[in-house]
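A biologist asks a modeller for a close look at one part of a structure.

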Amino acid sequence: MASRTEALRRRYARRRVGGRIGVYAAAVLAAFLCAMPFLWSLITTFKQNRDLYNPRNNPFLYNRPATPDHLLYLFDRTAFGAFVWNTLWVGLIVVAITLLLALPAAYALARLDRPWASWFGVAIFLVYLVPPSLLFLSLSRMVVLIGLQDSTWSLVLVYPTITIPVSVWLLIGFLKAIPRDIEEQAMVDGYSRVGAFWRAVAPLVGPGIVAVIVFAFTLTASESIYALAFVSPTGEKVVSTGVPTELIRGDVFFWQSLQAATVLVALPIAALFNLFLDRFVTGFTMGAVKG
Amino acid sequence: MAIREAPPAATDPAATAAGRTTRSTRRSLADRDGALAWIFLLPSVVYILALVAVPFFLAIGFALSDVTAGDASYDYVGLDNFRAIFDDPVFWRSLGNTLLFTGVSMVLIVVLGKVLANILVADFRGKWVVRFLVLLPWTTPATLAAVSWLWLLDSIYSPIDWVLRQLGFLGPEQNMYWLGEPGLAMGSVIAVHVWRLTPLAAVIITAGLVAIPKDLDEAARVDGAGFWRRMFEVTIPMTLPVIAVSALFGAIFTFTDMAVVDVLTNGGPNNATQVLTSWAFLRGIDGGDVGQGAAIALFLFPLLLAAAIAILRSVRRMEF
C-alpha cells in the first residue's frame, strides 16, 4: 500500500516537472516567434555592408567587426529625428485633446444614470471600428479644404477620432470600478458634481487615466493611412510613414539604418505598453461587464 | 469582456425602470443630471460626427461623382464609378484577396491566440520578458513591423533562405523569393497579419481566462479531468464569447489594414496581393481618381457592418 502511494506520488511529481518544462518551452518558443523579425533587425543594425551583402556569410554572426556607423547615419544624415519629434508632439497634443473630450463623456455614461448610457457607450465603441481606410479619401479632401494639407497639424485634427472612442470605452470601465459612495459623500459635503469629480474621483482614476494616455499615444504612433494620405513633405512626416518612405530611395535600401529605426521605435512602445497591460485588460473587461 | 452571473443593472430594462420609479422623489436632480450628461457628451459627439460621420457621407457622395485630385468640381455621375471598377479585374482580385486574407488570418489568429493566452496565464519565471517580447508585434507601428519583415523575407539576403540552404532544402545559389512569387507572397502577407494580431487576440482571451471562477477548474480537476478535457469541456466553452470577440477584432484589423501589403509587396507581384484598401489608396490618392477610390473603399462597409453586429451580439451574450 505504502509503495503504491509512493509510486503515485512519484508519477504526479514527474507529471508536474514535465508540465513545468512544457510551459517554459512553450513560453520561449512563443517569445522567439514573436520577436524573431526584430532580433534579425537588431543583428542587422550593426553589420558592415561587406558582411551583410554576402549571401554566403552566416547571417546570424558578425563575420566582420560590428559597427555603429549605420545607427549614427540614421541620426546624422536622415530626417529620423524629425519623424520622432513629430510623432511625439502630435501624440501628446492628441492625448490632451482626447482626455479633455473623453473624460467628461465617459463620466456622463458611467455615472449620470441615463437609461440610454449603455447603448450609447457601445455606439461610441463601434466608431472605433470604422477604419481609416474607409474615410481617408474624403478626409483628405476636407483637410485640403481647411488648408492643413501637407501639415502635421492635419493629423492632430484627425487622430482624436481614433483615440476618443477607445478612451471613452476604457474610462467607463475605470470609472465604474470606483464606488459611487465616494463622490456622493463629497457631494453631501457640499461639493458640486464637478467639484466632487475633481476632488474625490479624479485622484482614484489617476492610474486609469495614465493607462488611457499610453494607449491613445500608441494608437497615434501606429497610424499610417491618414499620415500617408495627408502629409508628403519629408520634414512633416511621422515615424510610421517617414521611415518606410524616406529611408527607401527607389531601389536603394539603407537596410541597417532602416532596421535600427524599427528597433528604436518598437522597444520603448512595447515596454511602455507592458507596464500597463494588466490595466488595459481590466479596463476593457470592466467596460463590457458593468454595462 | 468576461462572463458574469448576474445581469448588469443598467442594461436590464426592468432594473432601469425600477430605478427610475425610486428616483422619482428627486426628479429635479435627475433632470439636472440629464442636462449635464449632454453637456459632457456633446464635445465628443460633435467631434466624431464632424470627422467620422461627415466624411463617411462625403465618401458616398464622392463615389457617385467624377471628382479627381486635379479637378475638384463636383459632377454627379451616378453609378459610373462602380461600373468602371466592376469592369476592372484588379478590383475582383482585390476583393477576393481581402476576403481570403481575412478568413485565413482570422482562424489562425484565434487558434494561436488561444495557445498564447494559455502561456500568458501560466506562472513561470521571467514572465515579464516573455510578455514584453510577445507584445512587440502588436505594439510596433504596423509599417515598421512590416519593414522588419521586408528585410527578413528579402529576395537575396533572407536568413530563412540561408537556413534552408544549410539544411539542404535549397541549392547553393537558390532563393525562395518570398515576396516575388504570387503564392508565397500571399502566404507571407497572411503570416505577417497573423504574427501582428495574435498577441492582441491572446490579450483579449487572457481577460476571459482570468475571469473563469477558480473553483470550476478545480472541481473538474478533482473529478479527474486531464488538461485537454478541462480545456475543451470547461475553458473553451466558458470563454467562447471572448474568443468570438478576439476573432472579430482579428478579422476587422486584417480586413482594414493597408500597411502590411503596402510595405511588403505594394500589391504585387502583378496585383497578386492587392487588397481593397491598397487598391482604393492606389486609385484615390496615388492615381488621383477620388470618385473611384471612394467607390472601392465603400465596399469595406457592408462587411464591416456585419462584423460590428456580430461583435455586439457576442458582447450581449456575455452580459446575460
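What follows is one request and one long answer.

Biologist: Could we zoom in on chain B and the place where helices H12 and H13 pack? What angle do their axes make, which residues meet there, and how many residues of H13(B) are buried? Throw in whatever surroundings help me get my bearings.

Modeller: Happy to, and keep in mind that this is a predicted model. Some background on the chain to begin with. Chain B has 14 helices and zero strands, and from the N terminus on it is α after α to the end. Of its 320 residues, 44% are buried. Take the contacts between residues at least 6 apart in sequence, and 73% of them join residues at least 24 apart.

Now to your pair. H12(B) covers 276-286, and H13(B) covers residues 290-298. Their axes come within 7 Å and cross at roughly 165°. Anything over 145 degrees counts as roughly antiparallel, and therefore H12(B) and H13(B) fall into that class. As for handedness, the crossing is left-handed.

Who meets whom? From H12(B) you get B:Leu276, B:Trp279, B:Ala280, B:Arg283, B:Gly284 and B:Ile285. Facing them in H13(B) are B:Val290, B:Gln292, B:Gly293, B:Ala294, B:Ile296 and B:Ala297. By class, that contact splits into eight nonpolar, three polar and one charged residues. Glycine is put with the polar ones here, and B:Gly284 and B:Gly293 are both part of the contact. The spacing is worth a look too. In an α-helix there are 3.6 residues a turn, so residues three or four places apart point the same way. Keep that in mind when you run your eye along B:Leu276, B:Trp279, B:Ala280 and B:Arg283 on the H12(B) side.

Then there's burial, where H13(B) is quite a case. Nine of its nine residues are buried, so the helix is largely enclosed by the rest of the structure. The roll call is B:Val290, B:Gly291, B:Gln292, B:Gly293, B:Ala294, B:Ala295, B:Ile296, B:Ala297 and B:Leu298. To make that list, a residue needs 20 or more other C-beta atoms within 10 Å of its own. B:Gln292 is on it, and B:Gln292 is also among the residues that meet H12(B).

Step back along the chain and you're in the loop between H11 (259-264) and H12 (276-286), which is where B:Asn270 sits. B:Asn270 isn't a glycine, yet its phi is positive, about 55°. With 11 C-beta neighbours inside 10 Å, B:Asn270 counts as exposed. B:Asn271 belongs to that loop between H11 and H12 of chain B as well. Its phi is also positive without it being a glycine, at about 65°. B:Asn271, though, has 18 other C-beta atoms within 10 Å and is partly exposed. Put those two beside the buried residues of H13(B), and you get a handy contrast: B:Asn270 is exposed, while B:Asn271 is partly exposed.

For something to hold your pair up against, hop over to chain A. There, helix H9 (residues 180-188) and helix H10 (residues 193-222) pack at about 125°, with their axes 9 Å apart. H9(A) and H10(A) are therefore oblique to each other, and their crossing is right-handed. On the H9(A) side the contact involves A:Ile182, A:Glu183, A:Ala186 and A:Met187. On the H10(A) side it takes in A:Arg193, A:Ala196, A:Phe197, A:Arg199, A:Ala200 and A:Val201. Those residues divide into seven nonpolar, no polar and three charged.

And the two chains do touch. Chain B puts 77 residues into that contact and chain A puts in 81. On the chain B side, helix H2 (residues 27-63) gives the most, with 17 residues. That side of chain B divides into 60 nonpolar, 13 polar and four charged residues.

Back to what you asked for, in brief: H12(B) and H13(B) are roughly antiparallel, their crossing is left-handed, and nine of the nine residues of H13(B) are buried.

Note on methods:
Residues are numbered from 1 along each chain as its sequence is written. Chains are lettered from A and ligands numbered from 1 in the order in which they are written. This is a predicted model: local features need pLDDT of at least 70, side-chain atom pairs count only at pLDDT 80 or more; totals for chains, interfaces and linings use all residues. Two residues are in contact if their C-beta atoms, placed from the backbone, lie within 7 Å. Helices (H or I, at least four residues) and strands (E, at least two) are DSSP runs, numbered from the N terminus. Axes are lines fitted to C-alpha atoms, for helices over the stretch in contact, and angles run from 0 to 180 degrees between N-to-C directions. Angles under 35 degrees count as roughly parallel, over 145 as roughly antiparallel, 65 to 115 as roughly perpendicular and the rest as oblique. A crossing is left-handed if the near helix is turned anticlockwise from the far one by less than a right angle, and right-handed if clockwise. A residue is buried if 20 or more other C-beta atoms lie within 10 Å of its own, exposed if 12 or fewer, and partly exposed in between; C-beta atoms are placed from the backbone.
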